[in-house]
Amino acid sequence: MKYSLKIFTILGIPVELHISFLLLMGFIYALAILNLIPGVNLQTALLITLLFVTVVLHELGHSYLAQKYGVRIERIVLLPIGGVSAMEELPKEPGQELRISLAGPMVNFLIAFICYFLLLLLKGSYVGISSFLNYFILINLILGAFNLLPAYPMDGGRVLRALLAERMNYVRATELAAAIGKYLAITMAIVGIFYFKNIFLVLIALFIYIGAEQEYQAIMISNILGGILVENIMSHDVKTVKPDNHVNDVLQTMYQEGHMGYPVMNQDEIVGIVTFDDLSHLKKEDLETSIKKFMTTELIFASPLEPVTSALEKLNQHHIGRLPVKENNRLVGIISRSDIMRALEIMKVKPV
Ligand code: ZN
């Protein structure tokens, strides 16, 4: 993830701190050391640090089990709102998803249990440590229980989806879980504003609402596009330009033909791609120069037999609008985001 710092690797998974998280922790420690706000002392700061250690352990719980089921975990990132495990798509196997989702909260309950055991061992001596342990038990119980709320995409919501998916198809189960998640998020926001007057709860509600919608959309799209290949929807007859073409002329072509991007060909070899965005805001004196100065030369290709969902993933990952399609080192087509969106529209209305 952008703007994050890797701190260590555990179970082969890099754990990163996001810059906003580092700033927040720095801020809390500064408050504690300078004693600016009564009540915020080093013990509070330490407790908050431990809270985030718990969040990492919670995420590791998910990741450990996911890895066992063969899901690759790219990294765990800590944000001020909690932890995120960046993993490949989870297995669409309800039983596995159920266990992976439960693993995180179970870690919290386990930590609470261990701390409770330590507390019993202390038998009331070391008052400082005891009260610290008490706090920590409370935090872990709250964290575990909160994550089990059936608000998709939180853990509890994923558990709910897995349970639903055993009774209906995966898309319908996601749709239902996401709808429940959104209603719960709205309820949480209202309760947060009027009852607890707590902005943090409202932020979490917003996060859940957006997350539910995004994940539902993603699953809809991958379901509708499932089985469709790049060659089914790409444009076969590709208009190309040459590296020595002038900016002015290429812009003219774009206006006339209505395409927003062109592969740049040097003889039979593709050497770049030039888009309306690359050219539209150039200075006047650049208009008479050749496009090779402004084209993108780091190319990402699709292949004709690649699933459209994988091409869409590439577009999203690299924030680009189109992919040249190559077969045996030859340019055979081009697939754009609008091609995919058009296919989606058509597939949605297609009677099944
Ligand atoms: Zn979790």
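**How the labels are earned**

Modeller: A starting point: Arg330 in E8 is the bridge partner of Glu327. Please keep in mind that this is a predicted model, in which local features need pLDDT of at least 70, side-chain atom pairs count only at pLDDT 80 or more, and totals for chains, interfaces and linings use all residues. Numbering runs from 1 along each chain as its sequence is written.

Colleague: What makes E7 and E8 a pair, and in which sense do they pair?

Modeller: Two strands pair if DSSP finds at least two bridges between them. Strand E7 (residues 322-327) and strand E8 (residues 330-336) have six bridges, in the antiparallel sense, so they pass that cut-off. Strands (E, at least two residues) and helices (H or I, at least four) are DSSP runs, numbered from the N terminus.

Colleague: And which residue in the turn of the E7 and E8 hairpin has a positive phi?

Modeller: Asn328, at about 45 degrees, in a hairpin with two residues between the strands. Asn329, in the loop between E7 and E8, has a positive phi of about 65 degrees although it is not a glycine.

Colleague: Why is that worth a remark?

Modeller: Most residues other than glycine have a negative phi, and most peptide bonds are trans. On the second point, the bond from Tyr152 to Pro153 is cis, with omega near 10 degrees. Pro153 sits in the loop between helix H4 (127-147) and helix H5 (155-165).

Colleague: Why is Asn329 called exposed?

Modeller: A residue is exposed if 12 or fewer other C-beta atoms lie within 10 Å of its own, buried if 20 or more do, and partly exposed in between, with C-beta atoms placed from the backbone. Asn329 has 9, so it is exposed.

Colleague: Is Leu11 buried or exposed?

Modeller: Leu11 has 11 other C-beta atoms within 10 Å, so it too falls under exposed. Leu11 lies in the loop between E1 and E2, and its phi is near 55 degrees, a positive value in a residue other than glycine.

Colleague: How do you know that E1 and E2 pair?

Modeller: Strand E1 (residues 4-10) and strand E2 (residues 13-18) share six bridges in the antiparallel sense, with Phe8 partnered by Val15 in E2. E2 also pairs with strand E3 (residues 73-79), this time in the parallel sense over three bridges. There, Leu17 stands opposite Leu78 in E3.

Colleague: What makes Ala173 buried?

Modeller: Ala173, in helix H6 (residues 170-195), has 21 C-beta neighbours inside 10 Å, so it counts as buried. Setting aside residues up to four places away in sequence, Ala173 touches Arg161, Leu164, Ala165 and Met168. Two residues are in contact if their C-beta atoms, placed from the backbone, lie within 7 Å. The C-alpha atoms of Ala173 and Arg161, twelve residues apart along the chain, are separated by 5.5 Å.

Colleague: Which residues of helix H9 are buried?

Modeller: In H9 (residues 247-257) they are Val247, Val250 and Met254. These three cover an arc of only 70 degrees around the axis (taken from the directions from the helix axis to the C-beta atoms), so they lie on the same side of H9. An α-helix has 3.6 residues a turn, so residues three or four places apart point the same way. Gln252, Tyr255 and Gln256 are exposed on the other side of H9. The cover over the buried residues includes strand E5 (261-266), strand E6 (269-275) and helix H10 (276-280).

Colleague: How do you know that the chain is more spread out than a compact globule?

Modeller: The globule rule is 2.2 Å times the number of residues to the power 0.38, and the radius of gyration is taken over C-alpha atoms. For 352 residues the rule gives 20 Å, while the chain has 26 Å, well over that value, so it is more spread out. The chain has twelve helices and eight strands, and buried residues make up 28% of its residues.

Colleague: How many residues of domain 1 and domain 2 are in contact?

Modeller: Four residues of domain 1 are in contact with five of domain 2. The bounds, 4-225 for domain 1 and 230-349 for domain 2, come from an automatic or database domain assignment. Over C-alpha atoms, the domain centres are 40 Å apart.
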